[in-house]
Amino acid sequence: MSQLREDLRGDIAQLAARLEQVVTEDVYRADQRAVEQRISQVEAGLSHLRGDHEQLVERASQQRSEDQVQAAATRRLVLSSFVAPLLVMVVQLWLASKGTAS
């Protein structure tokens, strides 16, 4: 009988130790709600960051296009600033040679 009591006390002590590690359903639900709120906040933050990233990519693409247009305009300007004087000089030389030949 005393051995049975000792075994029962040991079992009760183990059960009490295990029950100390168990949380109530209310605490568990509150913890789950807090986790869900944090996940929602992280998802909202990621969504916001994704939108910002897409805007930055779009702006970079537009800037790249504008830069390409500007570079093409600059090349045309540089080319015309060298070609036009050469053409004028060729025409003047041709006219001068026609004038002295007659």
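**Exercise 1. Describe the overall form of the chain, starting from its surface.**

Solution. The accessible surface of the protein chain amounts to about 9600 Å², and 60% of this area belongs to carbon and sulfur atoms. The coordinates come from a predicted model, and every value below is computed from them. Turning to burial, 1% of the 102 residues of the protein chain count as buried, where buried means a relative accessible area under 20%. The next step is the extent of the chain: along the principal axes, its C-alpha atoms fill a box of roughly 145 × 25 × 10 Å. The radius of gyration of the protein chain is 43 Å, whereas a compact globule of 102 residues would have a value near 13 Å. As for secondary structure, the protein chain contains two helices and zero strands.

**Exercise 2. Examine helix H1: does its span agree or disagree with the expected value, and how many of its residues are buried?**

Solution. Helix H1 covers residues 2-21, and at 1.5 Å a residue its 20 residues should span 28 Å. The C-alpha atoms at the two ends of H1 are 29 Å apart, which agrees with that expectation. For the second part, the number of buried residues among the 20 of H1 is zero, so the helix lies largely in the open.

**Exercise 3. Locate the salt bridges and describe the setting of each.**

Solution. Side chains of opposite charge can pair when their charged atoms come close. A search of the whole structure finds two salt bridges, and they can be taken in turn.

- In the salt bridge between the side chains of Arg-9 and Glu-6, the N to O distance is 3.3 Å, which satisfies the criterion of within 4 Å. These two residues are separated by about one helical turn because they stand three residues apart in helix H1. Arg-9 is exposed, with a relative accessible area of 54%, while Glu-6, at 46%, counts as partly exposed.
- The other salt bridge joins Arg-29 to Glu-25, and here the closest N and O atoms are 2.2 Å apart. Both residues lie in helix H2, which covers residues 25-101, and they are four residues apart, about one turn of the helix. Arg-29 has a relative accessible area of 44% and is partly exposed; Glu-25, at 49%, is likewise counted as partly exposed.

**Exercise 4. Which residues make the nonpolar surface patch of about 480 Å², and is Leu-87 buried or exposed?**

Solution. The patch is made by Val-78, Leu-79, Phe-82, Val-83 and Leu-87, and its area is about 480 Å². Of these residues, Leu-87 can be followed further: Leu-87 belongs to helix H2, and its relative accessible area of 53% makes it exposed, the cut-off for that class being over 50%.

**Exercise 5. Relate separation in sequence to separation in space for two pairs of residues, Val-69 with Val-42 and Leu-46 with Asp-31.**

Solution. Begin with Val-69, which is placed in helix H2 and counts as exposed at 56% relative accessibility. Val-69 and Val-42 are 27 residues apart in sequence, and their C-alpha atoms are 40 Å apart in space. Then consider Leu-46, which also lies in helix H2 and is partly exposed, with a relative accessible area of 46%. Between Leu-46 and Asp-31 there is a distance of 15 residues along the chain, and their C-alpha atoms are separated by 23 Å.

Key:
Residues numbered from 1 in each chain as written. Predicted model: local features only at pLDDT ≥ 70, side-chain atom pairs only at ≥ 80, totals over all residues. Heavy atoms only, no water. Buried < 20%, exposed > 50% of the residue type's maximum accessible area, 1.4 Å probe, protein only. Expected span 1.5 Å × (residues − 1). Patch = residues over 30% accessible without salt bridge, like charges linked within 9 Å, V, L, I, M, F, W, Y side chains within 5 Å. Areas by Shrake-Rupley, 256 points an atom, 1.4 Å probe, with all protein chains shown as cover. Rg over C-alpha atoms; globule rule 2.2 N^0.38 Å.
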